[in-house]
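Reader: I'd love a close look at a single part of this protein, the place where the ligand sits. Could you walk me through what surrounds the ligand there?

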Amino acid sequence: MRHPHSRTTRRRVAGAFTAGLLCAAGLAAPALAAPTGPPAIPAVTEGLALTPPMGFNNWNSTHCRAEFNEDMVKGIADLFVAKGLKDAGYRYVNLDDCWALPHRDANGELVPDPVRFPGGIRAVADYVHAKGLKLGIYTSAGTKTCNSAGFPGALGHEYSDARQFADWGVDYLKYDNCNNQGVDARQRYRTMRDALRATGRPIVYSICEWGENKPWEWASDVGQLWRTTGDISDSWSSMLSILKQNLPLAPHAGPGHWNDPDMLEVGNGGMTETEYRSHFSLWSVMAAPLLIGTDLRKASQATFDILANEEVIAVDQDPLGRQGAVVSAADGRWVVAKEMRDGSRAVALFNESGTAQRIATTASAVGLPDADAYTLRDLWQHRGYNTAGTIAATVPAHATVLLRVSADPRWADHPPAVELGLDGDPLLEAATPATLTSTVTDLGRTPARRVSVTLTGPAGWTVRATSAASAATLSTGRTLRTGWRVTAPPGTPAGSYGLTLRTSHRSPSGTPVTGTLPLTASVVVRPPSGTSYLGDLPWLSATSGWGPVERDTSNGESDAGDGRPLTIGGTVYARGLGVHALSDVSFYTGRACEKITASVGVDDEKGAKGTVAFEIRADGTRVAATGVLTNAMPAEPVTADVTGAQVVRLVVTDGGDGVDSDHADWADARLSC
Ligand code: GLA
């Protein structure tokens, strides 16, 4: 992973505040002349950001490109109103880096770039305000901002810059960390807090020091939100790694002081719609600021549908202000629950893994009181059910089922929740019938009546039930199990194919209810007998943190085919797989193979960087694992006994320090069958 720009390394300055004089508003104050003790000015910040800020910021879609300009900002404000986003709660329209000229004027004032903002910032603020919206701006707690063009930062100019922002009508400041000259972060961020207060204008203060100084420990009386991580990028692995860093910080969030896992990437194109729905669901369950990071002027209806889901937004904006906490996490099955002011819980069932998995919890595990039954509302389907206490779903790869569960006495108004599932992995060889078993389970307190189930496959496939596909009644906890004989036509190429499981039933009051579970079946090819290079075999699934999995070259990082010869500790290998953590590559072994061997390590292509760990799994059991390997170490030989396994997986994790530079090689990887 590359860094967009270099940063001044932080140096801790010992001691508390340097005593200084309170400067008159409007005058530039040296950075070290911060006032001591509580500021004498009334706390205009009181009541700010009582729920996580919602709005837009241009950075994720434009960076410093020319399309970041007055037209864009006005266009976004127009769309906030026209598309109902304002009504859904989005308020702030925020400008990121590159809005200014590189030099201050003769009076030391900031000058808006006249090409991007011909009318100045005041005009943009007026436009945005006239729509009932608010304007945000950006600068750095350093001598320059983060962009290499070197726009002026506010270090040493806090009071005059804050005054200028207030005069323009700015309502929100994102205060970055680049070029900070090693000045203590608490001091730098407090000085700007005091400068903002001194303006007398309520300005939401967003601390952006990337979590380097653990602001969750000291910034709750400094700003209303603080970034907890480095920058997000528009990729699954970036979103996931930020999620994992932000989740444990839940105890530190609350009204007026939020953890900020960075802005949304929804709509930017680097993730699937399913992944964007997970991103939005998880940010909401974490009570994260919801700052849209895509150019809404070009956004699809699917993007608007995600961003404007009011039931999901209500989870984020719940006035109790709790950040959801992890209830359980195992093998990529995450349960995250958020206490809501009405006593209900928002529950995210998030599947990090690359295949559908059942994720389950209970009403009591998410903190609800004992009750006969609960109302369970699906916030993406917009439908309500009753449950006797089990909260469960088969969740597709990378998807999130987001529910709101309450101990609500009116649970019986809703039909029973019915869970659809499939036992075992849907793997089949072309022209060879395979048996699959579907399950339909009543999770409700009330019975499901006239239950029926169907399974359909692609055109040309035959799918036949081998046992009952209907039941007159399913009572609480009961399952209808149906066997299916599924055959793919001869010559079907190896790959993934969609199957659909559908049910219908009647609630006790006769209401018809339907359910659908999309499934992925894999047509597989039995590996040849003898020893093969894994790089020559088709895989069942393959994920890599950056760029695709490469055959017989290193990962390279971005595009397919950009790798180099696999090289570990100076030794070059002709064959193998090159991946980037987090990675998971699975192969069908059809219970016909015995052994995998490989020489594994961090590839030399990123210099002396990267730490990873390797493991091999046979049908879910770990059969070989290395410790953490660094770039300084030679290749480590691994051997795994995979006798009897249907599927084997080659997994690479990040060594516990994030995925940066984690280029991992499965050199010389061979399978014996
Ligand atoms: C830093 C911040 C980003 C963005 C850029 C602008 O990287 O963390 O969010 O503001 O600077 O240069």
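Author: Happy to; here is a tour of the ligand's surroundings. This is a predicted model, in which local features need pLDDT of at least 70 and side-chain atom pairs count only at pLDDT 80 or more, while totals for chains, interfaces and linings use all residues. Residues are numbered from 1 along each chain as its sequence is written, and side-chain values use heavy atoms, with hydrogens and water left out.

Let's start with the shell. The ligand is surrounded by 14 residues, where a residue is near a molecule if one of its heavy atoms lies within 4 Å of it. Asp96, Asp97, Lys174, Asp176 and Asp231 are the closest. By type, the shell holds seven charged, five nonpolar and two polar residues; here Ala, Val, Leu, Ile, Met, Phe, Trp, Tyr, Cys and Pro count as nonpolar, Asp, Glu, Lys and Arg as charged, and the others, Gly among them, as polar.

Now for the polar contacts (pairs of N or O atoms within 3.5 Å). The side chain of Asp231 has an N or O atom 2.5 Å from an oxygen atom of the ligand. For Asp176, the distance from a side-chain N or O atom to a ligand oxygen is 2.8 Å. Arg227 also takes part, with a polar side-chain atom 3.2 Å from an oxygen atom of the ligand. As for cover, the ligand taken alone exposes 310 Å², and the protein buries 100% of that (accessible areas by the Shrake-Rupley method with a 1.4 Å probe).

Definitions and conventions: Polar contact = N/O pair within 3.5 Å; in protein donor to acceptor, adjacent residues only side chain to side chain.
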